[in-house]
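Please look first at the sequence and the fold shown below, and then follow the text from one part of the chain to the next. The paragraphs begin with strands and end with helices.

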Amino acid sequence: MKNFLDDDFLLSTKTAQKLYHEYAADKPIIDYHCHLPPDEIAVDKQFANLTQIWLKGDHYKWRAMRANGVNEAYITGNKSDREKFEAWAATVPYALRNPLYHWTHLELQRYFGIKDILSPATAGRIYDECTEKLQSPEYSVRSLLKKCKVEVVGTTDDPLDNLADHIKIKQDGFDVKVLPSFRPDKAMNADNVAVLNEYIDKLEQVANVTITNLDEYLSALKGRHDYFAANGGKLSDHGLDYVYAADYTEAEITNIFKKIRNRSEITAEENLKFKSALLYEFALWDHEKNWVQQYHVGALRNNNTRALATLGPDTGWDSIGDFTHGKSLSRFLDKLDTDNRLAKTILYNNNPVNNDVFASMAGNFNDGSVAGKVQFGSAWWFMDQKEGMINQLNSLSNIGLLSRLVGMLTDSRSFMSFPRHEYFRRILCNLLGNDIENGELPNDIAWTGKIVEDICYNNAREYFGFYE
């Protein structure tokens, strides 16, 4: 019987162990997509206690606590940080086989050197030990990034952001690249015309322009896209139900925007056309600048109306969506490719049923100009766990080229999430190692090890152009 979370955790064969320890373990991290707050990196924040760095904002843990019958006061409410941590510690023993159980103990080991199992019996001692360590300079935000060998952090930023924090980080000479990613979801979301108009009004102030028509709106947004590029941006990101690809004419979108600006309601069909038009324009700008565009699709968000009204979005009320993706993905990518204006693209799926759809669709638009130009991206959100990663890797292996994958990302708001890269690397090495030992791949450790290094680090370094 193996010990829990030992040096060979998730590595079931000698070959898998060799691949991981010799080719994957020490590779730096390029975390090209996450939701880390850049202001906390800019000020090199020091967290007051373990709850502040570990539980605050982590809706993965919040969902588990709610499922375990924990009152909301101990999750997002007014209970003390120690009480909230104790409620989490009481939940962990009931989280067996949930990925949170692995992540929790990986993070305690990697950041704090704690190998004890978190439970009510150990909670007090673990909380005090970690909180004490967090007070030292070694545990400031910037120190944690360097401790984890992070080279690049790709944050997720609204076009209205002035990027002051990114600018400060660069001016400070911090040796981890913290780069903005252009996330214009709010700019294209006409579900609520009043909210969209509030957004446009803010854009007027940021861009110092007047926006009365579609051309002025696109010009102002393009100016923000240019501003992001001038400050290190090389990626866009879009969080969508599905990729919008309705037919429309320029005259239709001009008229729809006029209705929006006049505070008139628009139909569902007009809303879809507006989103489709804006999404296409953003993609043209990405191609113009040789950016990488990312599409995170398939989440069904804000399902609990009562909780949304009380706590707001991104607090743990989202799920896998059962959208249909194939036709719209094809239409959107083909429209861009027809004029040879399709940028490097990563597609992230949130429903395992659609893995093969995404893997096969990516292959339709790889034209030989760039290795892995259109990618089936790593397992996302509800698939970001052992089986989900294995399923994604298998679909990509069966239908595309696993060897060209640009690796893992945290997609996290937490500075303690970087062991997810280790988790992914161990799973990858175990798959390849098992195939070698089963005679399904040749026993060429040097070549397979190179592929491991590429997936873990080299491919991302080359693909995104962060070092140009």
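In what order do the 3 strands of the open sheet lie, and is their pairing parallel or antiparallel? The order is β1-β2-β3, and the pairing is parallel, where helices (H or I, at least four residues) and strands (E, at least two) are DSSP runs numbered from the N terminus, and where two strands pair if DSSP finds at least two bridges between them. Before going further, the reader should know that this is a predicted model, in which local features need pLDDT of at least 70 and side-chain atom pairs count only at pLDDT 80 or more, while totals for chains, interfaces and linings use all residues. Residues are numbered from 1 along each chain as its sequence is written, and side-chain values use heavy atoms, with hydrogens and water left out.

The edges of this open sheet are formed by β1 (29-31) and β3 (177-179), each of which pairs on one side only. On average, and with direction ignored, neighbouring strands of the sheet are turned by 5° against each other. Strands of a sheet pair through backbone hydrogen bonds, either parallel or antiparallel. Here β1 and β2 are joined in the parallel sense over 3 bridges, and I29 has V150 of β2 as its bridge partner. On the other side, strand β2 (residues 150-154) runs parallel to β3 and is joined to it by 3 bridges; V152 is partnered by K177 of β3, and G154 by L179 of β3. Because 4 of the 5 residues of β2 are buried, this strand is largely enclosed by the rest of the structure, buried meaning under 20% relative accessible area, exposed over 50% and partly exposed in between, with a 1.4 Å probe and protein chains only.

Another strand to follow is β6 (residues 292-297), which is mostly covered, since 6 of its 6 residues are buried. Both of its faces are covered, with V292, Q294 and H296 buried on one side and Q293, Y295 and V297 buried on the other. Strand β5 (residues 235-240) runs parallel to β6 and is joined to it by 6 bridges, among them the one in which L235 has V292 of β6 as its partner. β6 also pairs in the parallel sense with strand β9 (residues 344-349), over 6 bridges, and there the partner of Y295 is L347 of β9.

Turning to the helices, Q17 lies in helix α1 (residues 14-24). Q17 is buried, with a relative accessible area of 15%, and, leaving aside its neighbours within four places in sequence, Q17 is in contact (heavy atoms within 4.5 Å) with D8 and L11.

Finally, helix α14 (residues 268-288) packs against helix α16 (residues 326-338) at an angle of about 45°, with their axes 11 Å apart; axes are lines fitted to C-alpha atoms, for helices over the stretch in contact, and angles run from 0 to 180 degrees between N-to-C directions. That makes α14 oblique to α16, given that angles under 35 degrees count as roughly parallel, over 145 as roughly antiparallel, 65 to 115 as roughly perpendicular and the rest as oblique. The contact is made by L279, Y280, A283 and L284 of α14 together with F332, K335 and L336 of α16.
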